[in-house]
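The following exchange concerns how structural terms are assigned and which values support them. Please consult the sequence and coordinates shown here.

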Amino acid sequence: MRYSLVIALVVSFFAKALLSSLYAQDDRFYIRAVTDDIEIPTSASDSVVSYEGTDTRLQKLFNKHNVKVFRRGFKFAERDKLKRTFFGIATTQEFQSDLLKLTDLFEFGESFTAQSLKIYEPNDYGQTSVTGQGLGANAFLDYYDFIDVPKAWYYTTGSPDIIVGISDAIVDPDDPEFAGKTKQITKSSYSHGHGMSVGATAVANGDNGIGIPGVCYDCSVVTANYGSFKELKPLVTLANAGARVINCSWGSTRYYDTAQEVIYELAAKGVVVVSLPHNKSYNKTKGKMIHYPGGYDKVINVGSIQHRNPDALESVKIEERNGKYYFANVANYLGAHGGFKDNDLTKEMKFYEISINNLDSTVDIMAPGTFIFRYGRYAENKREALYNLSPATSPSAPLVTGTIGLMLSLNPCLSVDEVDSIIKLTSTNIDSIYVNKPYYGKYGAGTLNTGRAVKMVHNMLEFSEYATIQNQDFARWDLTMDAPYKVKLREVRFRESVNLNITAREEIKIEEETVLLPSENGSIFLGIDPKARYDCKNFSQ
């Protein structure tokens, strides 16, 4: 496995370098219109964009230059400048320069390269792609951008040696998004395409010009049914089929000690189980309704969070029925909607708790759960792009599952505890967001960041790089790093009942504003062992 994994990574980097060279002459740019009511109607055919409006100047420019992409850059933006920004790709920079001469239309432009951003995007990435190939579904995958999936793909798009298990409704192994890499172990129900949607988010084929790419799109897949709450038979079946990470977007409120023992046995074998706290609104559960398998020890429990609007005040809308202000879908907010005290925009904000999915003390991490592309419905509705408009946890879990697939593709010898730790150590801290504060202790370590998690795994194996932990505040959790070369702690706090255990091969560097202050219920061990190594033999057979 080790040699084939190295070969796969070399081929992956070669393919990305080749793609970069093919597009090296293209000018990718953002250009900002003078006002947000300026429209540039276009159509595209065979990767050539034509202008469809009445402005003769634009007509001449689009005819003169080879324009591959021209569209709104930020479809759902609330900030004024972003609403006025277009994204374009042309074969030369002259097109952008000519557009900027039309001072009644455009005021600013800037070029960039995908390579300078250290990202990789497959050809089916969707509307937010900066490579602009757009061969798949006309999907808006801004939630991938939010958790930095393209930055993770810079390091790996997954390895066929890593098998991702999907315990859910049916995943069709003959569907083009799963064909050639998927084995169905046990049959399941259709359930409105639930399994297809969950599976596609985690592992749908990428760079194939069809549909959307899954987070770990080059990983292999095994599928099974769901349920068996007492014995978790589908999870055991998938683990026996070689799955290293298993997604369970299902569960119940019944705890079984036998099921917990099954989870412990899977963890000892190096199998990571990912589940969720479920969709029931917080105004009903109040953080006291734990669901399983998500609530079991050694399971990564994933709640849903918002990702779309960067600022609450810029997202404000008015309810038609009563004229009240409300904010909507603000990035890193636990709830989808909320209001203002006394209907005054300058006063305290508070969530409508009906718009928060269930949260509790067993949640480990949050991930986007609203406006997620539903591949199952897309496949059955003649390729119409559809999204879930209300918060849900089922689409959140596979974002974490796919991320773990990428992590294991770089280092298949990561333990369950270390996978869980890296997910938490690289998360985005959301404690300082005022409206989240009443729910502290129930939303895990913060928001998933796939890009940082995969980069950390990469850097842990590079003797010239630091695995950097920064901008976090941990007051609980058991966090471990077993054998990275070098670790850097920067502007991070480990306090109260946190247990931190890092053994590095060469160096642990503690930088400014780092606090190491556990209570009597916590502990910190930082050690150097040049002989420390990752060894898959540590997993029980």
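**Surface, core and domains**

The protein exposes about 23200 Å², of which carbon and sulfur atoms supply 50%; accessible areas come from the Shrake-Rupley method with a 1.4 Å probe, and for residues only the protein chains shown count as cover. This is a predicted model, in which local features need pLDDT of at least 70 and side-chain atom pairs count only at pLDDT 80 or more, while totals for chains, interfaces and linings use all residues. Residues are numbered from 1 along each chain as its sequence is written, and side-chain values use heavy atoms, with hydrogens and water left out.

Q: What makes the protein as compact as a globular protein of that length?
A: The secondary structure comes to 14 helices and 24 strands, where helices (H or I, at least four residues) and strands (E, at least two) are DSSP runs numbered from the N terminus. The radius of gyration is 24 Å, close to the 24 Å that the globule rule gives for 541 residues, so the protein is as compact as a globular protein of that length. This radius is taken over C-alpha atoms, and the rule is 2.2 Å times the number of residues to the power 0.38.

Q: Why is Asn-411 called buried?
A: Buried means under 20% relative accessible area, exposed over 50%, and partly exposed in between (1.4 Å probe, protein chains only). Asn-411 has a relative accessible area of 5%, and is therefore buried. Asn-411 lies in the loop between α12 and α13 (416–425). Not counting residues up to four places away in sequence, Asn-411 touches Val-457, Leu-461 and Tyr-534, contact meaning heavy atoms within 4.5 Å.

Q: How do you know that the largest nonpolar core lies between domain 2 and domain 3?
A: A nonpolar core is a set of buried Ala, Val, Leu, Ile, Met, Phe, Trp, Tyr and Cys residues joined through side-chain atoms within 4.5 Å. The largest one has 82 residues, and those with the most contacts inside it are Ile-404, Met-407, Ile-469 and Phe-494. Its largest share, eight residues, comes from helix α12 (residues 397–410). Domain 2 (155–280 + 288–307 + 359–422) and domain 3 (463–540) both give residues to this core, so it lies between them. The domain bounds come from an automatic or database domain assignment.

Q: Which residues belong to another core, apart from this one?
A: That core has 20 residues, among them Leu-235, Ile-246, Leu-266 and Tyr-292.
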